[in-house]
Amino acid sequence: MDDKVILRVGAKILIPFILVFALYVQFHGDYGPGGGFQAGVIFAAGFILYALVYGLGNTLRVLPPWIPYLCSALGVLIFAGVGVVTLALGGEYLNYDVLAHDPEHGQHYGILLVEFGVLVTVFGVMVATFYAFAGRGRIES
Amino acid sequence: MDFVVDATLLVILAVTAVTILRVRNLFGAVMLAGIYSLVSAALFTTLDAVDVAFTEAAVGAGISTVLFLGTLALVGSDEKRPQHRPILPLLVVFITGGALIYGTLDLPDFGDPNAPAQLHLAPDFIEGSEEDIGIPNVVTSVLASYRGYDTMGETTVVFTALVAVLLLLARGRRPMRVWHEARGWISVWSDEELDPDLRTRPRDDAEGDGPEGGGDPAGDDDATTSTHDASPDPETPRG
């Protein structure tokens, strides 16, 4: 897409806002609609938009495939790890009350952490799936 | 007013669905599927299910459309004419649809406050979200705290889906582990490599000396090699 100036400039303007919006959706999920699933998809959409406009090759340089592969497993590990931590602190599995002195704060921390795990996994899976599809042909032509 | 909006959206949904069935051009079908998702998202919004609408818009209208387009880039965008008559599938669809509609007759009315689903746990969740957890968005507190197990399962399912996609789509040869007299257990790419005089990394020959050919420090490793192959070298045009 070398000659598509409007697309290139438009994408360049949009991508940082998409990424920041994903973070907003993530961290505002306690108060408004949103959460890890949506934020992960939006964050991945930023990179996928980049890949569609600037080509898969450039994207692979920004985000080599091992990063989404790692992320997809790491997120599940974070989620399950929070459960293990709550077990170690004497609560039930995934009972966040024990994460802080005040149970309400513990719930806040726990939700923040598991939502982050969801974000990481969903982001990794979406980008890796896109790589798997796009890597088989030449989508950027 | 609500009725007008709902009816309009549902009619658009039905028209889009029928059009998807009728178009022979798959590119058009993919675009219409994206529109279908977007209209569904609007419908969820009118039902006050904004979290679901959000997901539908992002996944249904966004990512899956891109993945469909990626598939079309590989398989072409014209549907082949079907060889069989669609009478048997039509019959199956009508019977299944009829059974489902018959099943809905026993469900409580739409929005019924006395429905069993609203009486058992929902009040606890709605009140507890503010008191126990201190989070105004009940969806988040149910999803992440009250039903944390379920969400962990969902996250695992998402991860498992990626594993399945990679097993099916990530291409590239895999190395064999063989016993070598002099070198012990080694990874080889073909039988010829068992001759110790040959190079130990035939992958470099096969892939060409791309500018990033040596960039992957773990390139020899069994686990990362297939992932490297799954991502085409940006500078090297693929045959």
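## Two helices from different chains

Angles under 35 degrees between helix axes count as roughly parallel. In this predicted model, α5(A) and α8(B) pack at an angle of about 15°, and the two helices are therefore roughly parallel to each other. Their axes lie 10 Å apart, and the crossing of α5(A) and α8(B) is left-handed.

On the side of α5(A), the contact is made by A:Val118, A:Thr121, A:Val125, A:Ala128, A:Thr129, A:Ala132 and A:Phe133. On the side of α8(B), the residues that take part are B:Thr151, B:Thr155, B:Val158, B:Phe159, B:Leu162, B:Val165, B:Leu166 and B:Leu169.

## A helix pair within chain A

The axes of α1(A) and α2(A) come within 8 Å and cross at roughly 165°. Angles over 145 degrees count as roughly antiparallel, and α1(A) and α2(A) are therefore roughly antiparallel to each other. The crossing in which α1(A) passes α2(A) is left-handed.

Among the residues that α1(A) brings to this meeting are A:Leu7, A:Ala11, A:Ile15, A:Ile18, A:Leu19, A:Phe21 and A:Ala22, and they include the charged-name positions A:Arg8 and A:Lys12 as well. From α2(A), the residues include A:Gly36, A:Ala39, A:Ile42, A:Phe43, A:Gly46, A:Phe47, A:Tyr50 and A:Tyr54.

## The nonpolar cores

The largest nonpolar core has 49 residues, and the members that touch the most others are A:Val114, A:Phe123, A:Phe130 and A:Tyr131. Two or more residues of this core come from each of α1 (5-27), α2 (36-54), α3 (56-62), α4 (66-88) and α5 (103-134) of chain A, and likewise from α3 (50-75) and α8 (148-169) of chain B. The element that gives the most is α5(A), with 15 residues. Within chain B, domain 1 (1-79) and domain 2 (107-172) each supply at least three residues to this core.

A second core, separate from the largest one, consists of seven residues, including A:Ala22, A:Ile42, A:Leu119 and B:Phe54. Of these, A:Ala22 and A:Ile42 also belong to the residues through which α1(A) and α2(A) meet.

## Chain B as a whole

Chain B contains 10 helices and two strands, and from the N terminus on its elements run α-α-α-α-α-α-α-α-β-β-α-α. Of the 239 residues in chain B, 28% count as buried. Among contacts in chain B between residues at least 6 apart in sequence, 39% join residues at least 24 apart.

Technical notes:
Residues are numbered from 1 along each chain as its sequence is written. Chains are lettered from A and ligands numbered from 1 in the order in which they are written. This is a predicted model: local features need pLDDT of at least 70, side-chain atom pairs count only at pLDDT 80 or more; totals for chains, interfaces and linings use all residues. Side-chain values use heavy atoms; hydrogens and water are left out. A nonpolar core is a set of buried Ala, Val, Leu, Ile, Met, Phe, Trp, Tyr and Cys residues joined through side-chain atoms within 4.5 Å. Buried means under 20% relative accessible area, exposed over 50%, partly exposed in between (1.4 Å probe, protein chains only). Helices (H or I, at least four residues) and strands (E, at least two) are DSSP runs, numbered from the N terminus. Domain bounds come from an automatic or database domain assignment. Axes are lines fitted to C-alpha atoms, for helices over the stretch in contact, and angles run from 0 to 180 degrees between N-to-C directions. Angles under 35 degrees count as roughly parallel, over 145 as roughly antiparallel, 65 to 115 as roughly perpendicular and the rest as oblique. A crossing is left-handed if the near helix is turned anticlockwise from the far one by less than a right angle, and right-handed if clockwise. Contact means heavy atoms within 4.5 Å.
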